[in-house]
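Hi,

Here is the structure I promised to send over. Have a look at it first, and then read on for what turned up in it.

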Amino acid sequence: MSVLMQHPETASRQPMILSGRGVTAVLGPTNTGKTHYAIERMVAHKSGVIGLPLRLLAREVYTRIVQRVGVDKVALITGEEKITPNDAVYSVCTVEAMPRQTDAAFVAIDEVQLAGDLERGHIFTDRVLNLRGREETLLLGAATMRPILEKLLPGLTVVSRPRLSHLAYAGSKKITRLPRRSAVVAFSADEVYAIAELIRRQRGGAAVVLGALSPRTRNAQVALYQEGDVEYLVATDAIGMGLNLDVDHVAFAQDSKFDGFQYRNLTPAEMGQIAGRAGRHMRDGTFGVTGRVAPLVDETIERIESHEFPPVKLLQWRSKHLEFNTLDVLRQSLEATPPVPGLTRALPAVDQQALERLSLDSEIRDIARGADRVELLWDVCSLPDYRRITPLQHSDLIAAIFRDIVHHGAVREDYLAEQVRRADQTGGDIDTLSARISQIRTWTYVSHRPHWLANPSHWQEKTREIEDRLSDALHERLTKRFVDRRTSVLMKRLRENAMLEAEIGVDGDVFVEGHHVGQLSGFRFTPDSSAEGPDQKAVMAAAQKSLAIEFEARAARLHASGNHDFALGSDGTVRWLGDPVARLASSDNILAPRIILLADDQLSGQAREVVTARIERFVHHHISTILKPLDDLAKAEDLEGLAKGLAFRIVEGLGVLFRRDVADDVKALDQEARGTLRRYGVRFGAYHVFMPALLKPAPAEIITMLWALRNEGFDKPGYGDIAAALAAGRTSIVTEAEYQRDFYRLAGFRYLGKRAVRIDILERLSDLIRPLLQWNPGNGVPPEGAYDGRRFMTTPAMLSILGATPDDMEEILKGLGYRSESIDPAVAKAHLDGLRAKAAPSLPEAEKSDGTSSEAGIDSGSGETPEDGPSEEPASELESKATVGAAPEDDGQPAEAVAIVETQADMQSATHATTGEGTGDEIQAAADAAGEEEPKPVLLWRPAGRNENNRNRQHRQGNRQRQGAGRGKGDNRNQPHRNGKGKPPRHGKKHGDNSKPRPPRKEKPIDPDSPFAKLAALKEQMNK
């Protein structure tokens, strides 16, 4: 024996003496034939045991040895699978399932560098140090293990084997541009599935290999790849552990993984182990990165290509000399320190973690008394966590099995039958089937443990049968999801002429006699500029012949494709299955752009017409679906006269018009025409005539693109950037000076200098401002934000709907044409307190009047739709008044806010007084809270540049009757009126001075059919 045996009780006191006599280490990089050499050496002996790191690899080696010596002489032993013929002399095992001692003539352990792995390393270390064959022992692994093995095993014989082929770095490539026979490596099932799905859409399909797959599913998936049904393999690092596949290129889609304890970056040695799968036997291979992985640094590339990595310095170790007197003694023996340098105590594995948890359970401690019970508990703790559940749930499962064995002598049949029945269902998706396979693997493992079940052979057969059914179902789901059978057939079909053979891959690569001659993208062929030679003309002729056939086939597939296979990009390019096939161009009808086919002349005749018609059908369906309200309005047949003309302008404006631009048309519309337009989704707001249904991200993107087609706007600054703010739910945004301002309107925003506000939010803001400016100081307590009927203060409601700060609010109101006046907070409070005190005695009468006015207001709004709200009808006369003394917005935009106030005078008789919280106390409280700091002035906002002569007589008389209380510095209600240019006159009487009353305004004749006339008549009748 190479290990001098020791008694457990003295193992911790005496040094471990190891020897490498009779042990050979065969070390080298991947593709050196180490596993093949071990198989040859084992079958040369009369008996042998070989341990492998994965059950997938164990199954592969088992198959190879069976082919050499026959099925009756080979046993397969893994945690959940045992094939043990009576005459078996060779055993293929996972390292965990290898016997602790053996009388076999030959022993081999593969991938010994895993002795440094944090999770499984202590198991490999134990087998390397302690398990020997009678005649020969082989340790197979990477060259990085040489120093530590020579240190721990004096007298070891080392054989170095060079790689059979060259491995080179190929750089970074997109997943869709990877060469055929590529393996893409990721480290989570979700990432593997996502990559396989992408490859299916772009390249026809991929096989998937994960360590969690059952051997049956894994073998079926590998067969898809090896037989050429698919050209790509997506796998975890399971392929790095000796799985022999026909791979030419390995691409890393992730460069970090979870090692059982933490997420960490791959070491160069680990990357070399995986990259080495590329290039088998004498065929060279390449490796690289893809996806979001950054290109490898030069040092890492050099190490992988030269197979030179830092040596392994420490092996993970856990004592094999365990004492089972009590639970505490067992735990102490597991904490023993390594007896020799070069070993380090392993972190607690799943079994030790479960033991620690169960040792805290008083019930388990009570029944785990005596060495036999403690040893049984430790044996049950070895149950692997196939399901990847929480440590507590796994511990509960172990506790249930342990209690059954102690109390009943075996796991209860009814309990086991119920657990197995739950897993015996082949319905569900990939994740569901994978979870069931993990569950049945748990009970397969239990059925192969000695003395755990009363009838183990029955349950071994039962669980294996269920696992096979689930594995077949999972393979079917994987193939259905990740393999396009039609495309797979096309990938192997050759295009022929009399002399040369041509092939067009699913990715568009065109090959003639194996030589790449160009790339086919959609219906356009780009020749490879590097393809030269005397036979180039014949080669290209063969390619063109192949392309003509391929174009016909692609045209047929495109014609039969569903709309989900097409995509319309923000640049106006139509793509089919990812390839550009057409671009849009402007036409007379802005909602029906022209189609310009992106195709070579080989696509001709009926095939070209079919392709064009199908793309046109998709584009028109796509636009009419996303812009349905606008499309319906454009096709409306029940509109006439002005309504039809206004609808045309709305369509040409892509759903948004400034109301000032169509003021006359809107004013001239009768109620019936307005109602018809409203039914098509048109809203007549105070500032805009627009369609609220289009103020969404998807319509905004299409609208912006259609505008760009007509105005050559794709290259203008800001294209496509503003719609993102709409998608994020922003109600106002900071403007960018260099952006094209039309893009704000197209995305549903109003450009207001330094800020842009969503159009529908501006209309809501107008609804909040209107009652504050039409409130009459003689009509009771002022509503929140009101001041004197001519000026108002901003309120939290205004800030809330805009998502803006007070500073932002100033910018917005200035942009809308309002101007501010600052007054002292004390003056404002005194003024509001005076109004509140003055209104208090007459509050009951005001409430009665409010009820009357409410009824009148309801009647007056009978012509409105709920969608249009209060801002609908008063704005009908807005634009005619907005031009007088209007303060321009940025770029000369008129101040519509002035018009809102003036048009409300026509409805003053129907507006009821609104009671609310007195804002004076709030202002004073804010001033008090500032402490010793000087209180900030209160901003009063009013429409700019317009005197108030056009207010109705009743409102004007009420202003003259106000008392001096509450007026002070900053209260400019008695200041001289501003002239049309917004500047105060140099002389003149104050507003309250009646010595020279202004002549009364000449009243316009009232239209008896006007809703305002009907409203006034109704109020007069109610007052009687």
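On the surface there is a patch of negative charge, made up of Glu637, Asp638, Glu640, Asp670 and Glu672. Keep in mind here and below that this is a predicted model. If you want one residue of the patch to click on, take Glu640: you'll find it in the loop between α21 (628–634) and α22 (641–652). Its relative accessible area is 66%, so Glu640 counts as exposed.

Next, the salt bridges. The search of the whole structure came back with 54 of them. Three are worth pulling up on your screen.

The first on my list is Glu231 with Arg181, whose side chains meet at 3.3 Å, N to O. Glu231 sits in the loop between α7 (215–226) and β12 (232–235), while Arg181 is in the loop between β9 (167–172) and β10 (182–185), so this salt bridge ties together parts that are 50 residues apart in sequence. Are these two buried or exposed? Both Glu231 and Arg181 are buried. They also belong to a network of salt bridges that links Arg181, Glu231, Asp246, Asp248 and Arg283.

Then there is Arg412 with Asp404, where the closest N and O atoms are 3.2 Å apart. The two partners differ in cover: Arg412 is partly exposed, with a relative accessible area of 31%, whereas Asp404 is buried at 7%.

The last one is Arg422 with Glu418, again a side-chain salt bridge, at 3.2 Å from N to O. Both residues are in helix α15, and because they are 4 residues apart there, about one helical turn separates them. Arg422 is partly exposed at 44% relative accessibility, and Glu418 is partly exposed too, at 29%.

Helix α15 comes up again among the aromatics. There are 13 aromatic pairs in the whole structure. One of them is Tyr415 with Trp443: the ring centres are 5.9 Å apart and the planes are at 80 degrees, which makes the pair edge-to-face, since over 60 degrees counts as that. Tyr415 lies in helix α15 (residues 413–423) and Trp443 in helix α16 (residues 430–447), so the pair ties together parts 28 residues apart in sequence. Trp443 has a relative accessibility of 3% and therefore counts as buried.

One more aromatic item to look up: Trp707, Phe714, Tyr719 and Phe743 form one cluster.

Cheers

Definitions and conventions
Residues numbered from 1 in each chain as written. Predicted model: local features only at pLDDT ≥ 70, side-chain atom pairs only at ≥ 80, totals over all residues. Heavy atoms only, no water. Patch = residues over 30% accessible without salt bridge, like charges linked within 9 Å, V, L, I, M, F, W, Y side chains within 5 Å. Areas by Shrake-Rupley, 256 points an atom, 1.4 Å probe, with all protein chains shown as cover. Salt bridge = Lys/Arg side-chain N within 4 Å of Asp/Glu carboxyl O. Lys, Arg positive; Asp, Glu negative; His and termini not counted. Charge placed at Lys NZ, Arg CZ, Asp CG, Glu CD. Helix = DSSP H or I, 4+ residues; strand = E, 2+ residues; numbered from the N terminus. Buried < 20%, exposed > 50% of the residue type's maximum accessible area, 1.4 Å probe, protein only. Phe/Tyr/Trp six-rings, centres within 6.5 Å; stacked < 30°, edge-to-face > 60°.
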